[in-house]
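Please read the following report alongside the sequence and the model. It goes through one chain part by part.

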Amino acid sequence: MGRKLKYLFFISCGASMLIGLFIAHEHVHFWWEKIPVFDALFGFFGCIVIVLGSKALGHHGIQKDEDYYD
Amino acid sequence: MIDIVPPAFIFILGAILLPFLRERRLRQIFQLLIPLIAFIDLLYMHKGTYWVYNFLGYDLILGRVDKLSMCFGYVFVIVAFLGMVYALHVREVGQHVATFLYIGSTLGVTFAGDIFTLFVFWEIMAVSSVFLIWYQRDKSALDAGFRYIMVHIFGGCALLAGIIIHVSNTGSTQFGFIEYGGLASQLILLGFIINAAVPPFHAWLSDSYPEATVTGSVFLTAFTTKSAVYVLLRTFPGVELLVWLGAIMALYGVVYAVLENDIRRLLAYHIISQVGYMVCGVGLGTEMAINGATAHAFCHILYKALLFMGAAAVIYVTGRRKLTELQGRNLFKKMPICLSLYMIGGFSISAVPLFNGFISKTMVVAATGELHRPIIHLLLHLASIGTFLHTGLKLPYGIWFGRVPEGETIEDEEMEATEPPLNMLIAMAMTAFLCILTGVYPQILYNILPYPVHYHPYTINHVVGMMQLLLLTAGAFWLYIDKLGGEAKVSVDTDWFYRKPGVLLLWFVSNPLQDLRLRLQGFFTKMVANITSLSKNPILLPEITARYFHLKIINRLYQASDTYKDKQDELKKLESKLAAAKEMRYDENVYRRPIGLGVLIAIILLFLYGLIYFIRLH
């Protein structure tokens, strides 16, 4: 089950990026939309930025012990 | 045509009648019937203005029907029905009464045609909704409810102040487009964005929604913020400030969601994030953006209700509300149906193609493209990554599959968990069905939007782009899966400003201020007591005064000299004389004077009076 899911995931990742390489972008509003796999890159690095950025913020001030307000 | 009534009144009437139904089955049927009647009522409403009443020279309009109000009206009534199915097992009538009042007042806001009607329903909405929190009946819910109502009362006051200035400036009570600029519009906007949970006025939402009852939180997610989006769409389309607030808000919710451990609070932060898209759409103000904001509100109400239903069901069956308490329980084996239905909500909010978030969220994002707003576009894009990361991946993983981090053990080994009651599952299934239906056939929704829709969500570019974004987000999630588990912490948000300094204020009131009050009170009480005792015998007043000062002066003089000790007896004697004089009651026999004295005084006064009179005459 887990292994199959893993393969399915990798295949769909590959497929979506492969299709992304071949489709032409209509209505391009921003320069980065011309980069073929921009969405994939943005998703991957955006996610990392969100996780690390938020955790850094959390550990440097935002997060307090659970009885902070008691 | 059938004579229709305002949909708000159907719910309010329902709230009044509900307590009189003693039979439980009958009550349940009634609870489901009311939203159905309201829905049929909506079907009979046509564009126009209805139910206009003149009150003190102002027109109160209870029914302004156009495409925008109808779209919100439909979704409010639909989610009212779904929520009622979900809450059918709740025996406490009070909860249902509060819910009906809450829904009724929201519909009142939706169809209000003038700002006074709007304000009245706005306030009922705040007051009725707080009971959905208080019915949880524990201390944290009670406290959160008080904070909730205080913030909303503040917002209501700002709104009322704005309305009064606006009406006295323009003379118009019409609830419609307001030119932004000037104090009146700023106060009205403040009132609205407090309800829309726009940072920094958002903390009431993430503070109170997770404390509400299991079923109450489902209703709370649907009405307050979305009715605020509706009034913003009416009054402030195209206000640049809202574009930025919306985009920041979308990301703000995501950042806090990363840190959150309480499952419903995590979802609450995602309400803030999603409402950010709508607020941004309002600010952009183009036809496409307005359509997008409306469509997103519609879809959001459905999928967020579904997500809250799923999370609340877990809380209902396990009694746990934190990720750290739920990990390692393998709940997916015990409640697979609940998980599957939740996932439909998760995919919808993440805008996976064929689910309803995809057809609405992409519309707002596309509107930013049309207007060439690169920064806003990227901010919203980034927020959608965060949305999928949390509601689509982290939360379901944490609740149903979560592993215990290495080196930690589960405290209490066995935890009872089954699927939630049937009515909850049916409600979730119906909501999930609607999420998919509007996702697959977007025309159903697009046809009721305020402007004609020229947007096609299912182009190959959109679908492939979105799949890339989501799949690679999932990839990154995989890498950080162990970092993303819940931490047993609370996150400090802007509610800090009234929670921590609030304690200081309480200290100030109960210590220095209370002390001052006691001192003042003591002083005045003593004064009153003295006057009372002196008034027992006012004739002796000169004597008492003389004795008092005599005693004081002698006392001081003796103190200055060294004979003080020897004179103690004398002082005591004087003191006792003073006390005796104070104690002496008025007795008319003691002070009886000859009658001639009174006559003499009268004659003297008469003489003086005559003297003055004659002097002045000449």
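## Report on chain B

Chain B is divided into domain 1 (237–404 + 415–488), domain 2 (495–535), domain 3 (537–586) and domain 4 (592–618), with bounds that come from an automatic or database domain assignment. The centres of domain 2 of chain B and domain 3 of chain B, taken over C-alpha atoms, are separated by 35 Å.

This is a predicted model, in which local features need pLDDT of at least 70 and side-chain atom pairs count only at pLDDT 80 or more, while totals for chains, interfaces and linings use all residues. Residues are numbered from 1 along each chain as its sequence is written, and chains are lettered from A and ligands numbered from 1 in the order in which they are written.

Helices (H or I, at least four residues) and strands (E, at least two) are DSSP runs, numbered from the N terminus. Strand β1 (residues 48–55) of chain B pairs in the antiparallel sense with strand β2 (residues 58–65) of chain B over seven bridges, where pairing requires that DSSP finds at least two bridges between two strands. Within this pairing, T49(B) stands opposite R64(B) in β2(B), and N54(B) stands opposite D59(B) in β2(B). The two strands β1(B) and β2(B) form a hairpin with two residues between them, and L56(B) in the turn has a positive phi of about 50 degrees.

A residue is buried if 20 or more other C-beta atoms lie within 10 Å of its own, exposed if 12 or fewer, and partly exposed in between, with C-beta atoms placed from the backbone. By this count β1(B) is hardly covered, as the number of buried residues among its eight residues is zero. Helix α24 (residues 595–617) of chain B is also hardly covered, with a count of zero buried residues among its 23 residues. At 1.5 Å a residue, the 23 residues of α24(B) should span 33 Å, and its end C-alpha atoms are 33 Å apart, which agrees; the expected span is 1.5 Å times one less than the number of residues.

Helix α4 (residues 93–111) of chain B packs with helix α9 (residues 216–235) of chain B at an angle of about 15 degrees, their axes being 10 Å apart. Axes are lines fitted to C-alpha atoms, for helices over the stretch in contact, and angles run from 0 to 180 degrees between N-to-C directions. That angle makes α4(B) roughly parallel to α9(B) (angles under 35 degrees count as roughly parallel, over 145 as roughly antiparallel, 65 to 115 as roughly perpendicular and the rest as oblique). V97(B) has its place in helix α4 of chain B, and V97(B) is partly exposed, with 18 other C-beta atoms within 10 Å. V97(B) and A529(B) are 432 residues apart in sequence and 53 Å apart in space, C-alpha to C-alpha.

Two loop residues with positive phi are set out below.

| Residue | Phi | Loop of chain B | C-beta neighbours inside 10 Å |
|---|---|---|---|
| R137(B) | near 65 degrees | between α5 (115–134) and α6 (139–170) | 9, exposed |
| H372(B) | about 55 degrees | between α16 (356–370) and α17 (374–401) | 10, exposed |

A further backbone feature is the cis peptide bond that joins P199(B) and P200(B), with omega about 5 degrees. P200(B) lies in the loop between α7 (183–195) and α8 (203–208) of chain B.
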